[in-house]
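Me: Please take a close look at one part of this model, the surroundings of its ligand, for someone new to it. Which residues surround ligand 1?

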Amino acid sequence: MGHIRLTSVKKSFGAVDVIHDIDLEIVDGEFVVFVGPSGCGKSTLLRMIAGLDRPSSGEIAIDGKVVTKVPAADRGLAMVFQSYALYPHMSVRQNLAFGLENTRMPKAEIAERIAEAARMLEIEAYLDRRPGQLSGGQRQRVAIGRAIVRRPVAFLLDEPLSNLDAELRGSTRAELAALHARLSATMIYVTHDQVEAMTLADRIVVLRAGRIEQVGTPLELYNHPANRFVAGFIGSPH
Ligand code: ADP
Ligand code: MG
């Protein structure tokens, strides 16, 4: 589970074409990173996969089912934002439970999922605190935890580390890689940071002005960049 296919996806805001005709296939369990300069359409593309924006034309399918018109909540995905988007008046535990409580899930199962995510992310000690009492790194773990408890078929992460300082960014990046190995869920990760892309990705999608410049493994892009833009962005000498 977690196979995602985009076919001729386009997006315009008013008269401005932001995404031009994107075709892309992401397989189960893959860690795919969207990179490209600010404003190239990374977030827009991710939001369309999430169901937070609708393509102007084209089709998005998840596990073989067309979801272009399916609301975000029914796509089986979970999104993690750079801004954390936690509820400040709720405890960490309540933040993690939020969203599961509107389903028919038994309380015991909700508690079990929260305990499991808290263990995985080492946030057990903070479950009864509020987000305002946590550091940036701890808040980011809670935001990731809120995605984990939903057991999504894919995680969509939009620059999740960009609010952290350099040291914490490094350690959280390593934890994310470990988490991916452990959950074996599909991850689509947006960043403008070349190091994050090179170290995390199974495959990198390089975007520029709403178009795909190249798709490949970090090594393929490094050794055989399609053009100067990709080479420059990846930091390849070729
Ligand atoms: P990135 O995440 O790569 O920085 P975005 O996907 O956020 O880029 O934005 C791509 C382009 O689309 C930008 O020019 C941005 O200004 C524009 N854009 C994004 N969202 C909207 C919107 N809701 N309305 C109008 N323009 C938008
Ligand atoms: Mg963005």
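Reply: A residue counts as near a molecule if its C-beta atom, placed from the backbone, lies within 6 Å of it. By that rule, Phe13, Val18, Gly36, Ser38, Gly39, Cys40, Gly41, Lys42, Ser43 and Thr44 surround ligand 1. The model is predicted: local features need pLDDT of at least 70 and side-chain atom pairs 80 or more, while totals for chains, interfaces and linings use all residues. Residues are numbered from 1 along each chain as written, and chains are lettered from A and ligands numbered from 1 in written order.

The shell around ligand 1 holds three nonpolar, six polar and one charged residue (Ala, Val, Leu, Ile, Met, Phe, Trp, Tyr, Cys and Pro are nonpolar; Asp, Glu, Lys and Arg charged; the others, Gly among them, polar). Helix α1, residues 42–50, contributes the most to this shell, with three residues (helices are DSSP runs of H or I, at least four residues, and strands of E, at least two, numbered from the N terminus).

For context, an unreviewed UniProt entry annotates residues 4–234 as "domain: ABC transporter"; positions follow the numbering used here, feature names are shortened, and annotations may be inferred rather than shown by experiment. Residues 4–234 are 35% helix and 27% strand, and their end C-alpha atoms lie 25 Å apart.
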